[in-house]
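Visitor: I should like to learn how to read a protein model feature by feature. May we begin with the structure shown here?

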Amino acid sequence: MKLAGMLLLLAGWVVVISAVVLLASPLSRGLFVFSGFGVEMLGLVLAFRKEAL
Amino acid sequence: MNPPAGLVPPTYFILIFLVPLAVAGLAIMNTGLGRTRSAAHFMLSSLSSVALAACVYVLWGFSWEGVSGQVAHIVFLGGRPWDWIATDPFLWHGLAFDNSRVTASAFLQVFTVGLAALIPLASGADRWRLTSSLISTALLAGWIYPLFAHWVWGGGWLSELGTNYGLGIGFVDAGGASTIHVVGGLSALSVVWILGPRFGKYSTEGVSAAIPGYNIVYVLLGCGLMLPGWIALNAAGSLLFVGTPAGQIALVAVNTFLCASAGCLAALATTGVRFSKPDASLCGNAWVGGLVTSSAIAPFVTPGVAILTGLVAGVIVVLSVEFLEMRLSIDYPGGAISSHGLAGIWGLLASGIFLHLPRLASTGFHPRGQFLAQVVGIATLLGFVLPMTFGLNWILNRFHVQRVDRQGDLLGMDLRELGGGAYPEFVVRSDEYTQR
């Protein structure tokens, strides 16, 4: 679960960076950056799940 | 956003001389939040971590960080330059040791890297072996901190988001909310994940037991001691890293104090409402949370906004400490993940929301995209720095177990690792005494 969380965190960051590099329109860039951020939040949830008793 | 190179007045160096007060204050505060049976071990760990961090940073850490405008490894993505890592000589051989901005930046960070090293130490208190904490500190000071600091302060890609992609003035962090505190807070989270909770903290049903700090006077004394050091840190950082005019240093100092004050008052009110009586240790943590938030926003906002952000930081610290400890079973005695990590992230977001630069307004500057630049920076901290920090500490744990053995859990770190306690004249609890 922790490994999956870490991989999701990395994947979210790649989405964020890709959005900054590839998209020019402020709206689409913003949407994809926040989508990547959302993926990171999912990764954090997964990483924390193992700890919650 | 990168300030111009050149010479700086000697007063900048006087500010830097005061920064160790923040380090000392944080060490004293975190010792007070721990237990008597590990107090000597914690203070020794703090001192040796600060010492090792400084040595490692000078030996090779600064080489990866570098300064804006010097030689670095650059890759081109989408036709635009992305500055990833510096290539300065090891052992500060590239420094002139004059009163240049480069020398002042390097000098300041010999202390700030030690401040970053103290943050995970507090979260691993009472169970983190001295040798393990030192190796982890070397990883933090020699690789993690310099790499991210290069991206923010050394002319790296985050600071160039404005120039390359029109995102405001790029990711900004004047006093180290991201480079020092969020990096330290995420390192603390990684260490806590690897070490697990203290013995006796959680029952088999997952119910959390209160292990209060042994000396609240130390906690609050540390808070007071931190203030001048933090004002100096924010002032020096603002002057060196974001080019704040020297005439605005009073604003930086006032905003720093206001943020901390508002954070403390917010915690006073929040804990008073939630627990019927104010909680001194949480108020201390919220004071630190306010200071951390100020590191992100101090040169960019008005005093009213500083109070507002400090109030929010105080509430975030109180609620997150409870949530992480009770709901997620995260045992971190010093409160670092909340007061450094989460408060730092809030400060970085707040600087994206409230950024106001009077000196740029006359040039037609509009901070459009600034919030997005800050979000990209935070996403980098969570999506790159956290996995890297966790991965490095996980690998370290495979070769050198980081947690003390069961005997250390029972005896305390002072007796297990040092052979003597911090207070040999006093026996507070029978299980803390062993015949020697």
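Visitor: How many helices and strands does chain A have?

Guide: This is a predicted model, and in it chain A has 2 helices and 0 strands.

Visitor: What radius of gyration does chain A have, and what would a compact globule of 53 residues have?

Guide: The radius of gyration of chain A is 13 Å, whereas a compact globule of 53 residues would have one near 10 Å. The principal axes add to this picture: along them, the C-alpha trace of chain A spans about 45 × 15 × 5 Å. Of the 53 residues in chain A, 34% are buried.

Visitor: How many residues of chain A are in contact with chain B?

Guide: Contacts join 20 residues of chain A to 21 residues of chain B. On the side of chain A that touches chain B, α1 (2–22) and α2 (26–49) each supply at least two residues. The helix that gives the most to this side is α1(A), with 9 residues. By residue type, this side of chain A divides into 15 nonpolar, 3 polar and 2 charged residues.

Visitor: Which residues have the most contacts inside the largest nonpolar core?

Guide: The general idea comes first. In soluble globular proteins, nonpolar side chains tend to be buried together. Here, the largest nonpolar core has 160 residues, and those with the most contacts inside it are V16(A), L118(B), A236(B) and V376(B). Helix α4 (residues 101–123) of chain B gives the most to this core, with 14 residues. To take one case, A236(B) touches Y12(B), L15(B), I16(B), V19(B) and L108(B), if residues up to four places away in sequence are not counted.

Visitor: What sign of phi does F97(B) have, and where is F97(B) found?

Guide: Again, a general rule helps. Most residues other than glycine have a negative phi. F97(B) has a positive phi of about 55°, although it is not a glycine. This residue is found in the loop between β2 (80–86) and α4 of chain B.

Visitor: Why does F97(B) count as exposed?

Guide: The reasoning rests on a cut-off: a residue is exposed if 12 or fewer other C-beta atoms lie within 10 Å of its own. F97(B) counts as exposed because it has 10 C-beta neighbours inside 10 Å.

Visitor: Is S276(B) exposed or buried?

Guide: S276(B) is exposed, because 7 other C-beta atoms lie within 10 Å. S276(B) lies in the loop between α9 (249–275) and α10 (280–297) of chain B. Its phi is positive, at about 75°, although S276(B) is not a glycine.

Methods. Residues are numbered from 1 along each chain as its sequence is written. Chains are lettered from A and ligands numbered from 1 in the order in which they are written. This is a predicted model: local features need pLDDT of at least 70, side-chain atom pairs count only at pLDDT 80 or more; totals for chains, interfaces and linings use all residues. Two residues are in contact if their C-beta atoms, placed from the backbone, lie within 7 Å. Helices (H or I, at least four residues) and strands (E, at least two) are DSSP runs, numbered from the N terminus. Ala, Val, Leu, Ile, Met, Phe, Trp, Tyr, Cys and Pro count as nonpolar, Asp, Glu, Lys and Arg as charged, and the others, Gly among them, as polar. The radius of gyration is taken over C-alpha atoms; the globule rule is 2.2 Å times the number of residues to the power 0.38. A residue is buried if 20 or more other C-beta atoms lie within 10 Å of its own, exposed if 12 or fewer, and partly exposed in between; C-beta atoms are placed from the backbone. A nonpolar core is a set of buried Ala, Val, Leu, Ile, Met, Phe, Trp, Tyr and Cys residues joined through C-beta atoms within 7 Å.
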